[in-house]
Amino acid sequence: DGIVVVLTKQPGTDTVALTERIDAKFDSFRASLPPDIEIDTGLFRQAEFIDRAIENVLVAVRDGAILVVIVLFLFLMNLRTTGITLLAIPMSIAIASLVFAAFGLTINTMTLGGLAVAIGTLVDDAIVDVENVYRRLRERPGLKGRALLDLVLDASKEIRRPVVYGTMLVSVTYLPLFFLSGMEGRLLAPVGLAFLVSVAASLVVAMTLTPVLCSFWLGGAFAEAGQYGSRAARMIQDHVDGVVRFGIRHATAIAAAVAVLTLAAIVVLANRGATFLPPFQEGSAQVNLMLPPDVSLATSEAFGHRLEVAVGKVDGVASVARRTGRAPDDEHIMPLSVSEAIVRFDPDNPRSRDEILDDVRAALDREFPGVARSTEQPLAHLLSHLLSGVNAQVAIKIHGDDLAMLRAFASRVEHEIEDIDGVRDLYTEPLALVDHCEVFPRRDDLAEFGIPTSTLARSLELALGGEAISRLQSDKIAWPIVVRLPEDQRGDPNDIASIRLRTPEGAAIRVADVADVRLVPGPSEIRRENGQRRIVVQHNVSGRALGDVVADVEARIADVRAEIESVPGYGVTISGTFEAQQRATRTIAWLSIGAVFAMILILHRHFGSIRLALLILATRPIAFLGAVAAVLVTGQDLSVATLVGLIALLGVAVRNAILYVDYAAAIAGGGAFTADVLRRAARARVVPVLMTALTSGIGVLPLAMSGDEPGREILYPVATVILGGLVTNTLLDFLVTPGLLEGRTAGASE
């Protein structure tokens, strides 16, 4: 047995630093404790989850940067060009860090996640600049002095517009994150902020430092005449001409195939299971055991001990800390009938979180058949409570006045959904009847003795509830002195009926002379919401998508719901994390439309043609195909993070398209996009387009390879969607885009 001490930090305080200070304080007096007293500070520590999450995201940033280095060198096969390009990464991160420090912003898991997503994009602007300067210097080797500076300046100015507008296109797709409300906004807004700040910094570096380094390191004797780039890059240039020819020749068939595949992908995605956010990998679980409300403390304590033993035997569980009941001054009041256990997993155990949770549930099924319980991770548990006021992912709330009818309706709802696949920890709030001692005043008798009803109520309040009349000072502690009846006289109706009252004349009478005192059955508790009585049937979800389970629940209770709502004053609402998912999905859908309109305006501003802007966007379903394929291959449900990844993918895909179309428009000189123009532009731009696509995709590969690591859970859907979309976008871009552009006007305002 022991005491569980819960320490709650003030908002805005650094959790990790505060935990270190607390540990130091414990260490300072641990040695002075008696030998039979032990302090275990590892029962539940959010700092451990934060440390693991930050470490995992930093590893993803590191690995992404290494992969970007490899890709750049394989394409350029040149240490100088690779070095100039790679300087954009540390410089951009350094500038972003200075901006964060200037505005007092913290570096946390989500901001680091934004950097991890952006790590490949940070070099995109520098890639385009270096590649264009390098190619131009190879065409005119031996330049020095002013001539070299002029050529570097001209080469940088040549690609400045597409670079700037491309960065604007990528940035505008992350703006919706700042308009998300609730928990999803708090989690994802830092990702967008870190991405935007770092990408803006990379643009500044590409427009200032990169050209200067090019003039220092790439000029003079270094720029010899001949081919540039690696053999792989030259092979790609040689083969892209045939791809463009084929795309133009079969433009109608290719466009039709893409349209059909896009429609199929939309149908598949629409029927994909939906959830709010991917589950956190906290490394711990919270188990609640709910006994009947009138159970004794001794019985509840005995069940709690059985809970500790049963869960502690599960392979992968390191410790169990259990509390039975929580006091009225606690942030979450719990009756003595409820035991709450925090279960810490062994971080060195190879078993997954889901495997351990399944075994915990199985152990509870064996030990407590028929007893209500719930098993969830602590943060997910708090998130559910924050969103719906109930400690479960789904809460079916029945509102009404008559408690007996509420109990009957709740029982029917529970019976309807108990066998639905995916429903776990099904539990109905107890409205059990327990004996209450009630006092019914006889007003005629009270008036005869001249005693007001308030005097009767006040006397009973003092006798049963008590009142602190003074304090006893002992050392530094002041103990309240409370006067009331002894405990054994506070529950007996005969003792309460014998309580003395004083009439105005000073005569003594008993409560029984003016009131009836009797035991009557009454509800153990009455819960209200929006001024109405309510009862809740709640459950968690496991093994299936949250949206699919909720859809089945709504279908199963449709008849019962219609019957309940046919009674005046009664109703049913279903709330929980899926509600937040639906709200966030609607918000993202509207914000996505706004982002697309903003992209159209940016493209129109750049090209001077609304038709060309629409044509560029019309080719981007090729990226959507890869994103949907990535969702299917990885077996993900559709979450808020997945939708964010789809928006971000659109910006990256359009950015890569603008490099090709802009150069083709420059060659066309305001005329039509002929087949020859499109082939020449493809040969000149295929290398930078492939390099930017590969670095953007390869940079998020570490996040996409380990979505079950703490800190990467929410970023995993974003990374997989971007990676999958860039694969198909890169492979099909020069096959689909030329066919739609061929014969169109290159720059006339339309």
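**Overall form and helix H22 of a predicted model**

Biologist: How many helices and strands does the secondary structure of the protein come to?
Modeller: In this predicted model, local features need pLDDT of at least 70 and side-chain atom pairs count only at pLDDT 80 or more, while totals for chains, interfaces and linings use all residues. Residues are numbered from 1 along each chain as its sequence is written, and side-chain values use heavy atoms, with hydrogens and water left out. Taking DSSP runs numbered from the N terminus, with helices (H or I) of at least four residues and strands (E) of at least two, the secondary structure comes to 26 helices and 15 strands.

Biologist: Is the protein compact or spread out, and what is its radius of gyration?
Modeller: The globule rule (2.2 Å times the number of residues to the power 0.38, with the radius taken over C-alpha atoms) gives 27 Å for 750 residues, so the protein is more spread out than a compact globule, with a radius of gyration of 34 Å. Along its principal axes the C-alpha trace spans about 120 × 65 × 50 Å. The value asked for is therefore 34 Å.

Biologist: Which helices do the buried residues of H22 pack against?
Modeller: Helix H22 covers residues 621-634, and its buried residues (under 20% relative accessible area, 1.4 Å probe, protein chains only) include Ile622, Leu625 and Val628. With contact meaning heavy atoms within 4.5 Å, the buried residues of H22 pack against helix H10 (251-270), helix H23 (640-668) and helix H26 (715-741).

Biologist: Which residue follows H22?
Modeller: The residue after H22 has a positive phi, near 70 degrees, and is Gly635.

Conventions
The expected span of a helix is 1.5 Å times one less than its number of residues. Buried means under 20% relative accessible area, exposed over 50%, partly exposed in between (1.4 Å probe, protein chains only).
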